[in-house]
Amino acid sequence: MFKKILIANRGEIARRVIHAAREMGIATVAVYSDPDADSLAVKEADEAYPLNGIESAETYLDISKILKIAQDAKVDAIHPGYGFLSENASFAEACQKAKIKFIGPEPKALKLLGSKVASKKLGQKAKVPVVPGFEGELPHGKALQKLAEEIGYPLLIKAAAGGGGKGMRVVHKAEELEEMVAGAEREALAFFKDKTLFIEKYFENPKHIEVQVLGDEKGNLVHLFERECSVQRRHQKMIEETPSPSLTPALQKEICGAALKIVKEAHYFSAGTVEFLLDSKGNFYFLEVNTRLQVEHPITEMVTGVDLVKAQIRIAAGETLPFRQEDLSQRGHSIECRLYAEDPENNFLPAEGSAAVLVEPVRPGVRIDSALEEGKPILPFYDPMLAKLIVWGENREDAIRKMDALLRDFVLLGIRHNLDFLRFFLETKDFASGKYHTHSVSALMEKYQKGRETMRQALVSLVPQFPMRAAASPIQTLKSGSGFSPALEGFRNA
Amino acid sequence: MPKLLSITPPRFTIEIDGKTYSGIFYASADFVDLHLPQGNFRFENPNKKKKRSTSSSHEGGLTAPMPGKVVKILIKEGDGIKKGDVLMILEAMKMEHKITSPRDGVVKKVFFQEGERVSQGADLVEVA
């Protein structure tokens with residue numbers, strides 16, 4: 001087993017890996033950008049080294065900087081978390097060359113499945129249905145317009161190397177196409193250093209179902225059942241649950257079996273997630289394989305009892321999977337809500353501020369994966385996700401009630417966020433019946449705002465009685481804070 | 001009428017329609033955030049100083065809907081623009097947001113350059 005690992009990531013996932021490694025008796029090394037110098041992950045790791053910079057490209061995406069630190073700190077392996085370098089084949093190759101184990105699949109699998117184009121072909125080879133679309137580099141001008149018409153509007157443009165909705169656009173009509181492609185290319189380049197896009201049929205009311213898989217280097221493969229991630233806004237997930245309320249036992253068996261066929265065809269090992277779209281008629285289509293740990297992995301851990309991060313580390317160290325398919329089952333129901341620094345009343349745009357007051361409740365069946373620290377600023381440099389609120393219940397209804405109570409009692413003041421919207425959504429009939437789909441969020445916005453108006457009106461007359469001068473504004477707090485001045489130079493705070 | 005019954009930071013109690021609720025608050029110079037069983041509510045300080053408040057130049061100004069970085073500026077001072085034209089692209093947390101013109105006019109002033117960071121509410125472009 002490894003003696004020391006480096007975590008090439010930040011935020012809650014860096015902490016998650018640090019904690020897992022600690023429980024396994026493995027020492028941990030954190031790396032950090034300037035704004036993250038004071039973060040919990042840095043304080044919790046056994047060692048921490050600066051990446052010197054702010055932008056992702058010069059910090060968490062800088063392969064040579066990270067490898068240099070890994071070599072100097074003499075680590076055995078690197079855990080990439082999710083996002084950043086987690087699905088980057090060049091990084092995995094560079095690790096191999098430096099004789100440092102990459103905790104994840106081999107570069108070959110990252111290359112194959114990291115390209116949505118190639119993985120779609122793989123799906124066809126494994127005889128699993130795929131979404132109609134164009135598999136190849138996008139043409140421009142007239143050829144692009146023609147291609148779009150052939151597939152038929154509405155269309156979805158995606159970054160070939162993408163994930164998490166980055167570089168994604170929905171095109172409803174031909175006039176929007178060129179501009180949408182240009183915007184998606186810019187976003188893809190900024191986030192993945194690769195502007196290759198691809199295009200496919202867009203489904204109006206789909207369900208997003210994904211299957212967790214685990215494989216070892218000896219070729220043993222198991223699935224850990226499905227997750228439903230249909231509550232999304234801007235193609236980014238907001239609420240996930242398992243088991244999925246949309247699958248019959250027969251369909252569940254079929255879709256999990258299809259996932260195994262695909263990863264088997266790819267000779268895959270480590271943790272991975274096979275994504276599917278489920279249409280209103282119960283047809284499913286293979287989308288892609290995410291060759292990393294998913295943000296929403298905790299809900300699978302809650303119902304299966306398997307620690308996926310530890311499993312990844314053990315597999316990377318060459319161990320055999322300690323269980324077979326028949327040893328695995330789902331017990332109870334789990335839901336995850338993602339807390340975002342985004343304001344539902346301002347079109348879900350990112351917000352900045354601080355975690356001035358923070359109460360993260362601890363109670364039976366509740367797990368909070370968070371990187372929040374009371375009194376600390378929250379700045380818009382990286383991901384807007386602040387924390388993951390996870391519950392386990394004996395059944396779906398129990399889990400929903402538990403989440404509702406958790407959202408009621410979780411306190412985060414000093415920044416605008418989506419907690420109330422999550423709670424509102426959980427209470428809707430659509431969610432209770434499981435009949436929600438990936439476009440439910442925008443349809444409900446008006447109702448959400450109306451529902452809050454009465455309370456807002458009742459409170460407004462009391463506002464002058466609160467002492468609005470006690471503390472400095474978040475940005476002023478920051479200026480006097482330690483180690484943050486470089487991050488602020490660009491701010492025009494008149 | 002709702003009543004504030006007590007306030008001992010960070011807690012407070014209020015009475016609405018004869019019922020008492022206990023909450024938690026955070027007050028800064030700019031706003032107060034209230035947490036109650038019914039949810040979380042932010043109220044801006046009505047006496048707060050406006051960002052870049054230069055009386056007349058604010059007229060026709062376009063402000064940043066979110067904090068972030070100016071990644072692209074598609075116009076320059078003196079350009080004639082039409083309603084709906086994309087003037088600027090902001091990026092925050094890797095999400096792009098287009099700033100479009102609310103009406104026809106001429107660009108009188110551009111307050112930022114590409115690559116600069118802006119706070120929420122900052123004036124971006126003045127349209128005459």
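# Notebook: pockets, cavities and helix packing

I looked first at the lining of the second largest pocket, where helix 8 of chain A supplies the largest share, six residues. Helices here are DSSP runs of H or I with at least four residues and strands are runs of E with at least two, numbered from the N terminus. I worked on a predicted model, in which local features need pLDDT of at least 70 and side-chain atom pairs pLDDT 80 or more, while totals for chains, interfaces and linings use all residues. Residues are numbered from 1 along each chain as its sequence is written, chains are lettered from A and ligands numbered from 1 in the order written, and side-chain values use heavy atoms, without hydrogens or water.

**Entry 1: second largest pocket**

I noted a volume of about 1,200 Å³ for the second largest pocket. (On a 1 Å grid over the protein atoms alone, a pocket is an open set of points with protein on both sides within 12 Å along at least five of seven lines; a cavity is a set where a 1.4 Å probe fits but cannot get out; lining residues have an atom within 4 Å of a point.) Points are joined across faces, edges and corners, and a volume is the space filled by probe spheres set on them.

I found 42 residues lining this pocket, with Met168(A), Arg169(A), Arg234(A), Met95(B) and Glu96(B) closest to its centre. I then listed the elements that give two or more residues to this lining: in chain A, strand 8 (169-171), helix 8 (177-192), strand 11 (221-233) and helix 15; in chain B, strand 9 (86-92) and strand 10 (95-100). By class, I recorded 16 nonpolar, 13 polar and 13 charged residues in the lining of the second largest pocket. (Ala, Val, Leu, Ile, Met, Phe, Trp, Tyr, Cys and Pro count as nonpolar, Asp, Glu, Lys and Arg as charged, and the others, Gly among them, as polar.)

**Entry 2: cavities**

I searched the whole structure and obtained five cavities of 30 Å³ or more. The largest cavity has a volume of about 200 Å³. I counted 17 residues in its lining, and those nearest its centre are Arg416(A), His417(A), Arg452(A), Asn40(B) and Arg42(B). Both chains contribute: strand 23 (411-413) and helix 15 of chain A, and strand 4 (31-36) and strand 5 (39-44) of chain B, each supply at least two lining residues. The class tally for the largest cavity is seven nonpolar, two polar and eight charged residues.

For the second largest cavity I noted about 80 Å³ of space. Twelve residues line the second largest cavity, and Glu55(A), Pro380(A), Phe381(A), Glu91(B) and Arg117(B) lie nearest its centre. Its lining has six nonpolar, one polar and five charged residues.

**Entry 3: helix pairs in chain A**

I took up helix 15 (residues 440-460) again, this time with helix 13 (residues 419-426): the two helices of chain A pack at an angle of about 105°, with their axes 10 Å apart. Helix 13 of chain A is therefore roughly perpendicular to helix 15 of chain A. (Axes are lines fitted to C-alpha atoms, for helices over the stretch in contact, with angles from 0 to 180 degrees between N-to-C directions; under 35 degrees is roughly parallel, over 145 roughly antiparallel, 65 to 115 roughly perpendicular, the rest oblique.)

From helix 13 of chain A, Asp420(A), Phe421(A), Phe424(A) and Phe425(A) meet Ser440(A), Val441(A), Leu444(A), Met445(A), Lys447(A), Tyr448(A) and Arg452(A) of helix 15 of chain A; contact means heavy atoms within 4.5 Å. I classed the residues of this contact between helix 13 and helix 15 of chain A as seven nonpolar, one polar and three charged. Arg452(A), in this contact, is also one of the residues nearest the centre of the largest cavity.

I examined a second pair, helix 5 (residues 107-114) and helix 6 (residues 116-125) of chain A, whose axes are 5 Å apart at an angle of about 90°. These two helices of chain A are therefore roughly perpendicular to each other. Leu112(A), Leu113(A) and Gly114(A) in helix 5 meet Lys116(A), Ala118(A), Ser119(A) and Leu122(A) in helix 6 of chain A. Their contact has four nonpolar, two polar and one charged residues.

**Entry 4: backbone and chain A overall**

I located a cis peptide bond between Thr242(A) and Pro243(A), with omega about -5°. Pro243(A) sits in the loop between strand 12 (236-242) and helix 9 (249-265) of chain A. Another cis peptide bond joins Pro9(B) and Pro10(B), with omega about 5°, and Pro10(B) belongs to the loop between strand 1 (3-8) and strand 2 (11-16) of chain B. Asn52(A), not a glycine, has a positive phi of about 50°; Asn52(A) is in the loop between strand 3 (47-50) and helix 3 (63-72) of chain A.

I closed with the whole of chain A, which has 17 helices and 24 strands. Its C-alpha atoms fill a box of roughly 65 × 55 × 55 Å along the principal axes.
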